[in-house]
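Good morning, and thank you for joining this meeting. I would ask you to look at the sequence and the structure on the screen while I speak.

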Amino acid sequence: MMHELGKKSSILNHYIAEIRDETIQKDSLRFRRNLERIGEILDYEISKTLTYESKSVKTPLGEAKVELMAEQPVIASILRAGLTMHNGLIHTFDKAENAFISAYRRPTGTDEIDVMVEYKACPDLTDKTLIVADPMLATGLSMALVFEALLKNGTPKKIHIASAIASRSAIDMLKKNLPIPADIWVGAIDEKLNSKSYIVPGLGDAGDLAYGVKL
Ligand code: URA
C-alpha cells in the first residue's frame, strides 16, 4: 500500500519545502532537524496501523482507560542519510528496537549504479513490525538489497518503508521486487531521475547535506 502524505496539505509540506530549498537546505542543522521532523510525522501515521490493547493508568484522581500499543516496532535506518530520520522515528517510538545497515553507491565511472551493503547491526525480526527509513528512494535498488540483508534476521509480520521523497520508478520497482510486500509512506513523489539516478527535482544528496561531502 502506498501513502503519499504530502498530497494532503499539512505542516509536513513546509518541512519538505525547506529540505528542497537550495538556500535553506545549506543550514545542515535545519536540514537534519527537518528530516527528523518528517520522520516523526511518518511514524505518527504508521502508529495508527499497529496493534493496540486496553489498559488502565492510575491518575492522582482516579483511573483512566487507555489504548496502548501491544507491540514495539524495530526501526532500521540505512546509513548515512537514514540517520537523520532515525532520530525522529525513535522520538516517536521511544521503546522501539533499532537496526542499522549501510548501503552506498560505489563509483563505477559510468551512469551504472553499483550498491554495496556492508555493515548490519540488527535484532531478531521474526514476527515483529519493521520500519525501514531512507530519506530518498531514488531507484529502489538500495532498499531492495537492504531488505535482502535484513530478512536474514527473521521474517517480520509487517514491513513499512518511510521516506521523505521517492521517485515514481522506485515505488514501481519496490512494488514488483520486494520479497515481502511493504507499506510505503512518503512525503512526496517526484516523477523523474537524472542520468546519475538522482531524484528531480528532489533535493540533491541528502547524506552530503546532512553530514558533509564524502570522497
Ligand atoms: N540519494 C540522495 O540523497 N538523493 C537522490 O536524489 C538520490 C539518492
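**Strands, helices and a pocket**

Let me begin with one pair of residues: Thr129 stands opposite Lys158 in β9. Please keep in mind throughout that this is a predicted model.

Thr129 belongs to strand β7, residues 129-133. How many bridges join β7 to β9? There are five, and the two strands run parallel. Strand β7 also pairs with β4, again in the parallel sense, over four bridges. Within that pairing, Ala76 has Val132 of β7 as its bridge partner.

Is β7 mostly covered or mostly open? It is mostly covered, as five of its five residues are buried. In a regular strand, side chains alternate between the two faces of the sheet. In β7 both of these faces are covered: Thr129, Ile131 and Ala133 are buried on one side, and Leu130 and Val132 are buried on the other.

I now move from β4 to its pairing with β5. Six bridges join these two strands, which run parallel. Here Ala76 has Ala99 in β5 as its bridge partner. Strand β5 is in turn joined to β6 by six bridges, but that pair runs antiparallel. One of the residues involved is Ile101, whose bridge partner in β6 is Lys120.

Next come the helices. In α3, residues 82-92, the buried residues are Gly82, Thr84, Met85, His86, Gly88 and Leu89. They pack against α2, β4, β5, β7, β9 and α6.

Thr84 also leads us to helix α2, residues 28-47, where Arg32 is found. Arg32 and Thr84 are 52 residues apart in sequence, yet their C-alpha atoms are 5.4 Å apart in space. Beyond its neighbours within four places in sequence, Arg32 is in contact with Thr84, Ala210 and Tyr211. Arg32 has a relative accessible area of 26%, so it is partly exposed.

Helix α5, residues 168-177, has Ala170, Ile171 and Leu174 as its buried residues. Why do these three lie on the same side of α5? They do so because they cover an arc of only 100° around the axis. The face turned away from that buried side carries the exposed residues Lys175 and Lys176. Among the elements that cover the buried residues of α5 are β1, β8, α4, β9 and β10.

Let me turn to the largest pocket. It holds about 980 Å³ of space. Two or more residues of its lining come from each of β4, β5, β6, β8, α4 and α6. Which of the elements gives the most to this lining? That is β5, with five residues. In total, 39 residues line the pocket, and those nearest its centre are Tyr104, Arg105, Tyr198, Asp205 and Lys214. By character, the lining divides into 18 nonpolar, ten polar and eleven charged residues.

Arg105 brings me to my last residue, Ser197, which lies in the loop between β11 and β12. Not counting residues up to four places away in sequence, Ser197 touches Arg105, Ile113, Ala138 and Thr139. Is Ser197 buried or exposed? Its relative accessibility is 10%, and buried means under 20%, so Ser197 counts as buried.

To close, I return to the strand with which I began: β7 pairs with β4, β7 is joined to β9, and both of its faces are covered. Thank you for your attention.

Conventions: Residues are numbered from 1 along each chain as its sequence is written. This is a predicted model: local features need pLDDT of at least 70, side-chain atom pairs count only at pLDDT 80 or more; totals for chains, interfaces and linings use all residues. Side-chain values use heavy atoms; hydrogens and water are left out. On a 1 Å grid over the protein atoms alone, a cavity is a set of points where a 1.4 Å probe fits but cannot get out, and a pocket is an open set with protein on both sides within 12 Å along at least five of seven lines; lining residues have an atom within 4 Å of a point. Grid points are joined across faces, edges and corners, and a volume is the space filled by probe spheres set on the points. Ala, Val, Leu, Ile, Met, Phe, Trp, Tyr, Cys and Pro count as nonpolar, Asp, Glu, Lys and Arg as charged, and the others, Gly among them, as polar. Buried means under 20% relative accessible area, exposed over 50%, partly exposed in between (1.4 Å probe, protein chains only). The arc is that of the directions from the helix axis to the C-beta atoms. Contact means heavy atoms within 4.5 Å. Two strands pair if DSSP finds at least two bridges between them.
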